[in-house]
Every structure is written in structure tokens, then in C-alpha cells.
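Reader: I'm new to this and would love some help reading a structure. Could we go through it together, feature by feature?

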Amino acid sequence: MKVIADLAAQLPGATVEQQGNTFLVAVPKEKLHDAASMLRHNSKLQFDYLNDIIGLDNGDTLGVIYVLVATQFSAYTIRLKTETDDRENPEIDTVVDLWDSADLYEREVYDFFGIRFVNNPDMRRLFLRQDWVGYPLRKDYDADPELNPIPHEAEDLDKMEDLPSLEIDLNGARLEKHRQLFEKEDYVVNFGPQHPSTHGALHLRIALEGEIVKKVDPNFGYIHRGIEKMCEADTYPQILHLIDRMDYLSATIHRHGFCLAVEKGLQLETPERAHYIRTIIDELTRIASHLLGWGCMCNDMGAITAFIYGMRDREKIMDIFEQTCGGRLMANYSVIGGVMADIHPDFQKKVRAFVPYMRKMLKEHHILFTGNPIARGRMEGVGYLSKEKAISLGATGPTGRASGWSNDVRKIAPYAAYRHAEFAEMLRTDGLTFDRYVIRLDEIEESLKIIEQLVDNIPGGAYAAKTKAIIKLPEGEFHQRVEGSHGEFDVYINSRGEKYPYRVKFRSPCMTLVNTLKHIAVGTKVADLIMLGGSLDYVIPCIDR
Amino acid sequence: MEVKNSYIRNMKHEDFKDNEYLDAYVKELRASGLNIAVAKLDDLINWGRSNSVWPLVFGTSCCAIEFMSLAAARYDFSRFGWEVTRNSPRQADLIICCGTIVHKMAPVLKRLYDQLAEPKYVMAFGSCTIGGGPFKKSYHVVMGVNEVIPVDVYVPGCPPRPDAMIYGMMQLARKIKMQDFFKLPKQPHPNLALQNESNTQDNAEKENGLLHEAGNDAVIEQKKGGAQ
């Protein structure tokens, strides 16, 4: 892409390198904000979607990588890199004024690497407790359990409300500031971490004015399991099972993404049969996930029947998984080079029977709930998310598509067998709760179409390519985007040529969704907050990793 | 006239694994002489308690989805009388711990356990709650909930199938049936508990002692760990 190449070349102090669809741009840290600002507000091509911020410990330096996408040409990405050699007090300029999604990403990098972002007004830790000692993803982190014993007391709420920040004003004066999260007269309600409607261990602190939500502050880390750190000590095949347990609802899709990234690095030809099988399994997972999301959202609104119906249909998919993969929820199916085992002889028959069954049930679901005047009354006109806001927040997946943002990775950068199937990308324009609700049911229909086209044409041959006993990835960076059921899931692998990865980063689609909740819930009634959360359909262990 | 038996309605005695220790315990109980009237009343109360356990589902991750499957039509746990899932610990008898417990969550779980009314039970559902599971090497995961609260029944699996959960719940029902309701530890008065922060260790030991008398092992684990 000439436009991008030209643009990248104009960046101050930048070195540019092209790798397929990716442009690697390195800038010195003093020029970072200027470069980011140029990319964001350029007149020719605006890089309006900040996909992810990746922290990196290079040994002597600490680096940050910004993954940027221009929604006009979504297939291309820029990886903007910068690094600082100060390990004691690393400081990098914030980009929170350019992209709304940078807020949580920068807090995450601070939490894991201790890099402070100058002028970011909220530099609390994101996952770990504020009193945690050390920065776990640094290579020299001291994992001694004596330093961080299991705490006896829950975290002090005052500590959570104090927002430290480092600001440098126009004259170059350094100011260590402390803001308060809430105003003194605010009425603050705790929601979670143990609550049936939080969809996992999410803790929201909500400031209320009567019944109206004034401010929402999400608090993560109640299920932070340190998967990214564990990956650094595991071989590539060992990492696979950890990925299943991050976002368990789109487990096979995310695992597929990781396998693709490793295969890209090994330049391994995966058999066509494996591509087809993986795609069908992915789409079945998507249907199961949407059914559960739909059921839970309706349950949050008080319709338990919908939940029971959704789970009933989901069991059919679980049966198919169990027969072929051996597991129900954790299918454990994709492996590097293909799939774990060949499909069961009854697989095709069962999937073929499932498609018309699901179509019939989908009609029933629409009659039961979509047309229900009470449900429509609650969902219509609530929780508006504009397209621009969705892009700026990085709210991918069905949520973004309900606001009219065409972000389906299966269309943008087709992988596996998606290029052999004809399907439409579901788009709606209104961006309301009702749209986010309907789009999930519509996507089930599209997934059924994909499955229908692929299941009869599974090519013969091997189901997995032969791999070496010890898989060593060549030196370099490998990035793979896949479309999970909640949004875009990205895998970033930094390899130094060993059998363990140097750094693995997963882009969690759900983190941006919770960030979205923070923005769209303001001004709605507190009773609608639960429903908004249901309509965004996030999974907390995916955020916390 | 037989008192104190471990039979429950839903599953045959022979179909359970590891029955020997329960049989031996029943024998011992009967041999040591029980007051028929009290024991019969005890049996009646325990029959009621074991068939209407109200759980608080502490669902943090993957296992919670399998618990939802259990709640839905296919596995339908309301057949066994456990469908009254409470969201407040003050109304529940049992904490079902579904999913990994991490450092940040541990004090929250402990607080909820303290708020449960006696007699209270804990079920560790899934590998993570038993001993860290696949996250054994992690810096932020509690290696088993028994480091925070005592556990009655362990259900292994990653995640366990809903059937495994039903088996675990039946084991708990048997455990409840064997207990001496009139001798169960009583919840201390909340004010008293606040004053005697330092005495919690003693209480835990006392509790351990009482349960030790009840002589449970293997799948029905002893309450161990106590208040941390």
C-alpha cells in the first residue's frame, strides 16, 4: 500500500520496514506522540483504530508496540515501536488523547512492565493489587511468594479511588498528581466481584445520581491468572491448553488463532482438510457462544425461558464436540499443523442434522423474545454507541458491527477455509442495545450458512501436517488476527529462535467491550446497566488472562 | 431399628465408590450406642437438609459455564433439590467454588465464607480450586481453595462434566446425612467474632476437632486449613 508506505516515511525520525501486510515503524520515544498524532489525524488516511498496545522487555530496554489499523484499509496494520533504556523510571508519552481504547491498554502495560505513561490521568495498576511488589512480565521479576503472599484483607477502596499520574506541562515542569476517582458527595455502589450478572469476576464501582448512572469504574484482576507470563516458560504445544481457558466461550477460535500464528512462523503447510474442519468447529463454537450470550442477556432482563432454550440448543453442539474432540467445553482440538484427531464418522451427519434444527429454533427464539413488546421496550433506544466511538474504543465483533463498523476479520483478512464459503457480514447502523441483540441471532444464521457450505466438501487427505518433536520458531515477530465470537482476537508472538516464546501477547476483545460499557452506561438507569453488559457479551477471564 | 445410615434416595449405595469408610463409620456409630429418639430426629432433620441444599455459586471462570449447563434442561439439577441458587451467602448452605481463585479474589471468597450461616459446606469444583490446575506455575493463582477456606467435597476435572458435579453433590448429601445435627458447631455471635480476632485460630482448631470426630476422608475430605 503506497499511501501507508508514504505516510510511514514522513513520520519524524522513523525507520520503516514492510513485512507482507504489516509496516514496522520504529520511532524514538521523544517523537512517539508526534508520530502517533500524525497517523491518527492524517488527512489522507486516518489510523483511527488502535488495535492493541504491547509491552516488551528487551533485556536492556523496555519497549512498547502500538498496533494501528486504518479502518479504510483494515487488512493492513502498522506496528509502531518505541523503547526506553531507563529501567528504573521508564516513561513514555501517553496516546490516551488520540484513542479512547488506550486508557486500559496503558494501564495494563504499567501493571506488567512498570512503564509510566506521561500525561495519562489514571496510572493505577489494572489487574494486580495496588500494593503488589514488582512488575511480573519483566524478565528480572522476582516471583518469590514471600514478597506477595495471599492477602487476608480485600483491597482498600480508598486506594482504588486515588488516581496517581505523572504530568509534564508545556513549560516542561514535572508534576506528580493525585486525583480522586469520585467526587465527595457521590453515592457509590459496588457491583461485583461476586454477582451473577457480571458475567464473571468483574467489579464495577458505580456512582449514582438517584437512579441514573453518573460514572462507572471497572476493576479487573479478580481472575488474573498470569497466562502471558506462564507462556514464556512453556513450549508452543504446551501453551495451547492455556488459550482454551482464557475465553472459554470461543476457545477453539482463539486456539486456532494461536496455531495459525505458529504455523506462519514455521511456514508450515496445513492440510486443506484441517482448514475445513477447524472452520466448521469454529463456527459451531460461535453459534454456541452466541446462544449462551443471547440466553444470558435475556436472563439478565428476567426471561429465564430464553436461557433454558439457549442452553438446550447449545447442548446439541456440545454433543458434536464431545464425539469428535472428546471434550465438551474445552474441545482441545486444534494443534500446531492441523487438528488433534480426525473427525468422527458421524460428524458430518450430525452437523447436517443440526443446521435445519437450529434454523427452526432460531425462528422460535425470534417469536419468543425478539418480538416481545416488553423486551423491545427495554432494548430500544438504550445504550447508543456511535460508529466513531466504537472505532475509537476498539469495540470489535458484533458490538462494533451493530454500530455499522465493518470489522469482520473473516472478511478483511480471510484465514483457514473462509475464502471458500460465501457469507455476508452482518451490519446494522443504529448501535443500540436492540441492534447488538439482533445481530447475534443474525450471525448464527450466517454461521449456519458457512457450515452448510463446508460440511459436504471436506477434502480428503491428512488431518494434520507432520511437525518436529520440538517446535522452534525462527527469530522474529508473528502476528495473527482471528474473529472470535466476542470480537477480534490477536496473537502476537515474539520469538528469539528458541522452543519457548520470548513474549506472547493476546489482544482481548472483551477488554475494549468493558471499556465501552464505561462510556455508554453513563446517563442510563442502573437497571439497564445489567442489560447493557449482557448486550456487549464480555467474558472476564479473557480480559484478565 | 437402624439409625444413622448413609443411604440417599437418588443413587444406590453400591453405585458409589469408596463406601468402606462410611460403612465402617456407621458400624462404629451404632456400636457406641445411640439414643434412638435423638438419632431418629437427627435422621429426619438431615433427610430434609440433604435434599434441599441451597448453593451460592461462586463462579469465576470456565467451570461456571459447566455449572450453567447443569442448571439448564439437559442435566436439570432441580431434580435433586439444589436449584435454589442464592446470590447472598446469608441465605445459602453451600459455596460451590467454580473456577480459579487468584490472590485478589481470595479475601473476597473468605469473607463470603464467613458470612455463610452454620452448618456450612464448601465444594471445590474443578482442578484450579483443588490445587491450581493448569495454572500451577502462575504468580497470582491460589493453589487450591483449601488454602483459604476448608473444603468438604472435591470434584476433579478441567472443567468437570455436569455428571461429575451431580456425583459430588450426592457425596455431599451423604456427608450431611451422617452428621450429628445437634452437635454441629454453632456460628459465633458476629460481635464476639469481631472482638476475638486473635481467637480465630483456636476456633478453627476446635472446628477441626469436631469434624475429626465425624471421621471423614478420601472424596469426602476433612475440613482442613481453617481460617487463615
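Author: Sure, and keep in mind that this is a predicted model. Let's start with the largest nonpolar core, which has 215 residues. Those that touch the most other members are Y66(A), I96(B), C97(B), L109(B), M123(B) and A124(B).

Reader: Which element gives the largest share of this core?

Author: That's α8(A), with 14 residues. Domain 1 (2–181) and domain 2 (227–455 + 468–544) of chain A also both give residues to the core, so it lies between them.

Reader: Can we zoom in on one member? What does I96(B) touch, leaving out residues up to four places away in sequence?

Author: Here's the list: P55(B), V57(B), F58(B), F67(B), M123(B) and F125(B). You've met M123(B) already, as it is on the list of core residues that touch the most other members.

Reader: Okay, back to the two domains of chain A. How many residues of each are in contact?

Author: 19 residues of domain 1 are in contact with 21 residues of domain 2. On the domain 1 side, the elements giving two or more residues are β3 (49–57), β5 (73–84) and α3 (102–113) of chain A. The largest share of that side, 6 residues, comes from β3(A). As for the spacing, the C-alpha centres of the two domains lie 27 Å apart.

Reader: Now helices. How do I describe two that pack together?

Author: You give the angle between their axes and the distance between the axes. Take α8(A) and α15(A): they pack at an angle of about 160°, with axes 9 Å apart.

Reader: Why does that make α8(A) roughly antiparallel to α15(A)?

Author: Angles over 145 degrees count as roughly antiparallel, and about 160° is the angle here, so α8(A) is roughly antiparallel to α15(A). The crossing is left-handed. Residues making the contact include Y276(A), I280(A) and W294(A) of α8(A), along with Y437(A), L441(A) and I451(A) of α15(A).

Reader: At what angle do α9(A) and α10(A) cross?

Author: Roughly 170°, and their axes come within 11 Å. These two are therefore roughly antiparallel as well. Among the contact residues are Y309(A) and I320(A) of α9(A), and V351(A), F354(A) and M358(A) of α10(A).

Reader: Which residues of α10(A) are buried?

Author: V351(A), F354(A), M358(A), H365(A) and F369(A). Their cover includes α8 (272–300), α9 (304–324), α11 (373–379) and α15 (433–455) of chain A. So you've now seen α9(A) in two roles: it packs against α10(A), and it helps cover the buried residues of α10(A).

Key. Residues are numbered from 1 along each chain as its sequence is written. Chains are lettered from A and ligands numbered from 1 in the order in which they are written. This is a predicted model: local features need pLDDT of at least 70, side-chain atom pairs count only at pLDDT 80 or more; totals for chains, interfaces and linings use all residues. A residue is buried if 20 or more other C-beta atoms lie within 10 Å of its own, exposed if 12 or fewer, and partly exposed in between; C-beta atoms are placed from the backbone. Helices (H or I, at least four residues) and strands (E, at least two) are DSSP runs, numbered from the N terminus. Two residues are in contact if their C-beta atoms, placed from the backbone, lie within 7 Å. A nonpolar core is a set of buried Ala, Val, Leu, Ile, Met, Phe, Trp, Tyr and Cys residues joined through C-beta atoms within 7 Å. Domain bounds come from an automatic or database domain assignment. Axes are lines fitted to C-alpha atoms, for helices over the stretch in contact, and angles run from 0 to 180 degrees between N-to-C directions. Angles under 35 degrees count as roughly parallel, over 145 as roughly antiparallel, 65 to 115 as roughly perpendicular and the rest as oblique. A crossing is left-handed if the near helix is turned anticlockwise from the far one by less than a right angle, and right-handed if clockwise.
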